[in-house]
Amino acid sequence: MMTNLQRGGVLPKPTQQQVKHLTRDERDILKEKWKKHWIGHARALSGMSPCPRGIVGALIIDQRNNIVASGFNGGPRGAIGELCGGEFCERSKRGIPSGQQVEIGCHHAELNAIANAAAKGVSTDGCSLVCSVSPCLACAKLIHHAGIVEVITAANYDPRGATYLRAVGVTVEVVESIED
């Protein structure tokens, strides 16, 4: 007899006691469902980005599967003026390739999520980062330094970031969201 989980049904978040009674296959299915769920959240969050060039959302998830911080690409909180030039992207205007000269333009979603955690005094050590696209090399270095142990992404945007993260022992996984 198939369980609701094996049939692809929606289940409420189980308690730790309930998870212990799941089979290994059921635990794996549940973990994959949560990854897809969080990717959907990151994609929804990306819609908050004011960037005309690209929209990205990121979430930091703790070991108990709770969101501890989030961010999207955009200017620093409370910054004066229009960091990216408003209707146009300063990076596009200058012909700057993605992932290079990141000091020009918006803060990336990963940086904003980590900064938001720091502003609240929340440790990111041992957490996972879920991002609607894979991190650039600069963000990958920040993710590693922040103690994040896993990156889950929906699109392999910049392979240099993932390559760096894997080299330093951070797990990187590309998954599809529930909507895909």
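A polar contact, as I use the term today, is a pair of N or O atoms within 3.5 Å. Keep that cut-off in mind. We will need it for Asn73.

Good morning. What you see above is a predicted model. Let me start with the overall layout.

The chain has six helices and five strands. Read from the N terminus, the order is α-α-β-β-α-α-β-α-β-α-β. There are 180 residues, and 39% of them count as buried. Now take the contacts in the chain with a separation of 6 or more. Residues 24 or more positions apart make 53% of those.

Next, a pocket. I have picked the second largest pocket, with about 360 Å³ of space. Which residues come closest to its centre? They are Gly54, Val56, Asn73, His108 and Tyr157, out of 23 that line this pocket. What is the lining made of, by class? It has 13 nonpolar residues, seven polar and three charged.

Let's stay with Asn73, one of those residues closest to the centre. Asn73 sits in the loop that runs from strand S2 (67-72) to helix H3 (90-94). Is Asn73 buried or exposed? Its relative accessible area is 8%, so Asn73 is buried.

Now the polar contacts. The side chain of Asn73 comes to 2.6 Å from the backbone oxygen of Gly54. That is the contact I defined at the start. There is a second one, at 2.8 Å, between the side chains of Asn73 and Ser49.

What else does Asn73 touch, once we skip residues up to four places away in sequence? The list includes Pro50, Cys51, Ile55 and Val56. It also includes Cys106, His107, His108, Ala109 and Asn112. Two names there also appeared at the pocket centre: Val56 and His108.

On to another asparagine. Asn65 lies in the loop between strand S1 (57-61) and S2. Look at the backbone here. Asn65 has a positive phi of about 70 degrees, although it is not a glycine. Asn65 has a relative accessible area of 18%, and the limit for buried is under 20%, so Asn65 counts as buried. The side chain of Asn65 also makes a polar contact, at 2.9 Å, with the side chain of Trp38.

Trp38 comes up again with Ile61. Ile61 belongs to strand S1. Ile61 is at 4% relative accessibility, so it counts as buried. Which residues does Ile61 contact, leaving aside neighbours within four places in sequence? They are Trp38, Asn66, Ile67, Cys127, Ser128 and Val130. Here is a long-range pair too. Ile61 and Gly126 are 65 residues apart along the chain, and their C-alpha atoms are separated by 9.3 Å.

Now two helix residues. The first is His41, in helix H2 (residues 24-46). His41 has 35% relative accessibility, and therefore it counts as partly exposed. Its side chain makes a polar contact with the side chain of His37, at 3.0 Å. His41 and Ser70 are 29 residues apart in sequence, and 9.9 Å apart from C-alpha to C-alpha.

The second is Asn116, in helix H4 (residues 109-119). Outside its neighbours within four places in sequence, Asn116 is in contact with Ala69, Ser70, Gly71 and Arg77. Asn116 and Arg77 are 39 residues apart along the chain. Their C-alpha atoms are separated by 9.6 Å.

Last topic: the cysteines. How many disulfides are there? The count comes to zero. Take Cys136 and Cys139. Why is Cys136 not bonded to Cys139? A disulfide needs sulfur atoms within 2.5 Å. The sulfur of Cys139 is the closest cysteine sulfur to that of Cys136, but it is 3.8 Å away, and so too far for a bond. Seen from the other side, Cys139 is in no disulfide, and its nearest cysteine sulfur is that of Cys136. Are these two buried or exposed? Cys136 has 2% relative accessibility, so it counts as buried. Cys139 has 4%, so it counts as buried too.

To recap, with the model in view. Find Asn73 in the lining of the second largest pocket. Then follow its side chain to the backbone oxygen of Gly54. Move on to Asn65, with its positive phi. Finish at Cys136 and Cys139, with their sulfurs 3.8 Å apart. Thank you.

How values were computed:
Residues are numbered from 1 along each chain as its sequence is written. This is a predicted model: local features need pLDDT of at least 70, side-chain atom pairs count only at pLDDT 80 or more; totals for chains, interfaces and linings use all residues. Side-chain values use heavy atoms; hydrogens and water are left out. Helices (H or I, at least four residues) and strands (E, at least two) are DSSP runs, numbered from the N terminus. Buried means under 20% relative accessible area, exposed over 50%, partly exposed in between (1.4 Å probe, protein chains only). A polar contact is a pair of N or O atoms within 3.5 Å; within protein, one must be able to donate a hydrogen and the other to accept it, and residues adjacent in sequence count only if both atoms are side-chain atoms. On a 1 Å grid over the protein atoms alone, a cavity is a set of points where a 1.4 Å probe fits but cannot get out, and a pocket is an open set with protein on both sides within 12 Å along at least five of seven lines; lining residues have an atom within 4 Å of a point. Grid points are joined across faces, edges and corners, and a volume is the space filled by probe spheres set on the points. Ala, Val, Leu, Ile, Met, Phe, Trp, Tyr, Cys and Pro count as nonpolar, Asp, Glu, Lys and Arg as charged, and the others, Gly among them, as polar. Contact means heavy atoms within 4.5 Å.
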